[in-house]
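Here are some quick notes on the ligand site, for when you have the model open. Have a look at the structure first, then read on.

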Amino acid sequence: MAVSEQLIQDVVKEVLAKMELSKPQSSAQLGIFDDMKSAIAAAKEAQKVIHRMSLDQREKIISNIRRKTMENAELLARMGVDETKMGNVPHKILKHQLLAEKTPGTEDLKTVAWSGDRGLTLVEEGPFGVIGAITPTTNPSETVICNSIGMIASGNTVVFNPHPKAIRTSNFAVSMINEASIEAGGPANVACSLAKPTLESSDIMMKSSDISLLVATGGPGVVTAVLSSGKRGIGAGAGNPPALVDETADVKKAAMDIVNGCTFDNNLPCIAEKEIVAVDAICDELMHELVTECGCYLASKEEQDKLTRTVLTPKGLNRDCVGKDAKTLLGMIGVTVPDNIRCIVFEGPKEHPLIAEELMMPILGVVRAKDFDDALEQAVWLEHGNRHSAHIHSKNIDNITRYAKAIDTAILVKNAPSYAALGFGGEGYCTFTIASRTGEGLTSASTFTKKRRCVMADSLCIR
Ligand code: NAD
């Protein structure tokens with residue numbers, strides 16, 4: 001068969017373009033651009049290559065991202081803590097290892113088929129193209145890597161506008177992802193970011209006709225911005241997860257599970273227990289367990305007031321307190337405690353500012369409820385309609401069922417620490433983008449796809 005000159009020229013052009021894309025832009029900053037338009041253009045070129053790759057080739061890139069994340073877990077954890085001054089290194093290492101092992105890849109993409117007399121129809125999940133993603137300070141590299149694995153697995157590339165306060169860590173992760181892609185035979189710029197992201201660069205991203213899907217992981221401001229953009233948006237917003245404990249719970253275990261979840265990475269995960277609602281019948285016993293067995297410090301009324309003034313300033317949440325450990329927080333109000341103090345507890349009404357607000361630090365207010373009905377009502381109030389996460393410690397399946405229906409959250413963990421929801425000590429996959437506001441729930445490769453119907457009429461049914 002004669003090969004046309006035009007075809008040869010096209011192939012050569014494509015190979016050269018791929019070689020150009022694969023060239024490192026600078027030694028340590030692969031995929032990092034000075035302006036948003038250039039970042040989007042580079043991601044668009046890379047997406048054309050990724051989309052043509054076989055699933056097996058994409059999976060090779062993803063395996064290499066997993067391997068590099070494992071190798072760099074400690075480095076990424078240290079960078080995150082150094083730069084953001086939030087969280088702790090051992091738990092951030094675990095978070096990176098978890099995401100490397102349990103973030104779904106191409107196997108997550110699903111096909112639905114109808115086969116019958118009139119042929120075969122498939123619905124397959126195809127890429128959007130270039131995705132614009134906004135990432136938080138609380139899990140910076142975790143979110144960048146987790147989003148990238150899912151988005152590349154589904155044939156997309158991604159442009160990040162990371163939180164400026166976590167830019168070094170986020171961009172290190174972006175470079176690492178591109179290095180992994182190039183090493184595995186893929187293009188550079190499968191993930192792109194900016195040297196200096198701003199609200200203006202995020203606005204350019206939201207308005208760009210080359211971005212077909214936006215994914216926002218952060219507080220209410222960014223989710224609202226993305227959902228007001230006129231584009232399809234996935235909104236992974238704030239939570240204030242209550243942990244309800246009823247009279248049928250194993251109180252000792254409940255106390256330890258709640259403190260383990262609440263103190264994980266100094267309470268930074270959006271799913272982490274932020275307050276307890278306990279029925280009166282076990283409330284004193286629970287408080288006793290928290291203080292005597294679980295390393296909790298019982299704050300006096302005066303200390304609660306000092307903490308409130310320190311943590312919640314007239315301008316809002318004091319970011320210097322977010323993600324700090326209990327000992328540091330107590331030190332800020334002049335209280336010295338030994339190293340084994342992990343969490344600060346006190347009893348208060350649900351309206352107490354340290355209970356009603358999402359603080360992201362190991363302060364656990366305990367709200368007493370007269371019975372399960374009262375507990376359910378108070379817990380639903382405390383979740384503020386975020387529909388994000390809630391937890392319960394109970395052996396009464398009727399209570400659990402009623403709670404699940406009433407609180408209606410993307411995540412509900414029963415009788416375990418909150419992190420079981422991410423596959424850590426529980427079944428299921430991992431994500432750091434939980435689409436609470438828009439309802440996709442725990443995002444994965446399949447979430448970042450368009451449904452496409454492919455119809456063959458009157459053939460290929462072999463039944
Ligand atoms: P944040 O809202 O301050 O910042 C998140 C991102 O949004 C950053 O990149 C920031 O620069 C950007 N941003 C903020 N306002 C914006 C606007 N108006 N337009 C465009 N971009 C904007 O959040 P944070 O402090 O970094 O993270 C903590 C918050 O994120 C908490 O509320 C937590 O619950 C939430 N969170 C949710 C999830 C989830 O999966 N649902 C995961 C992690 C964090």
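Which domains give residues to the shell around the ligand, and where does that put the ligand?

1. Both domain 1 (16-237 + 440-456) and domain 2 (242-426) contribute residues to the shell, so the ligand lies between them. Bear in mind that this is a predicted model.

2. On the pocket side, the ligand sits in the largest pocket. Four elements give two or more residues each to the shell: the strands β4 (130-135) and β5 (157-162), plus the helices α8 (199-207) and α9 (220-227).

3. Now the neighbours. The ligand has 31 residues around it, and the closest are Thr 135, Thr 137, Arg 319, Glu 358 and Ile 434. By type, the shell splits into 14 nonpolar residues, 15 polar ones and two charged ones.

4. Two of those closest residues also turn up in the polar contacts. Glu 358 uses its side chain: a polar atom there is 2.5 Å from a ligand oxygen. Ile 434 goes through its backbone instead, with a polar atom 2.6 Å from an oxygen of the ligand. His 163 is another backbone case, where the distance from a polar atom to a ligand oxygen is 3.2 Å.

5. As for how much of the ligand is covered: on its own it has 840 Å² of accessible area, and the protein covers 86% of that.

Note on methods:
Residues numbered from 1 in each chain as written. Predicted model: local features only at pLDDT ≥ 70, side-chain atom pairs only at ≥ 80, totals over all residues. Heavy atoms only, no water. Near = heavy atom within 4 Å. Polar contact = N/O pair within 3.5 Å; in protein donor to acceptor, adjacent residues only side chain to side chain. Areas by Shrake-Rupley, 256 points an atom, 1.4 Å probe, with all protein chains shown as cover. 1 Å grid on protein atoms, 1.4 Å probe; cavity = no way out; pocket = protein on both sides within 12 Å on 5 of 7 lines; lining within 4 Å. Sits in = over half its atoms within 2 Å of the grid points. Nonpolar A, V, L, I, M, F, W, Y, C, P; charged D, E, K, R; others polar. Domains from an automatic or database assignment.
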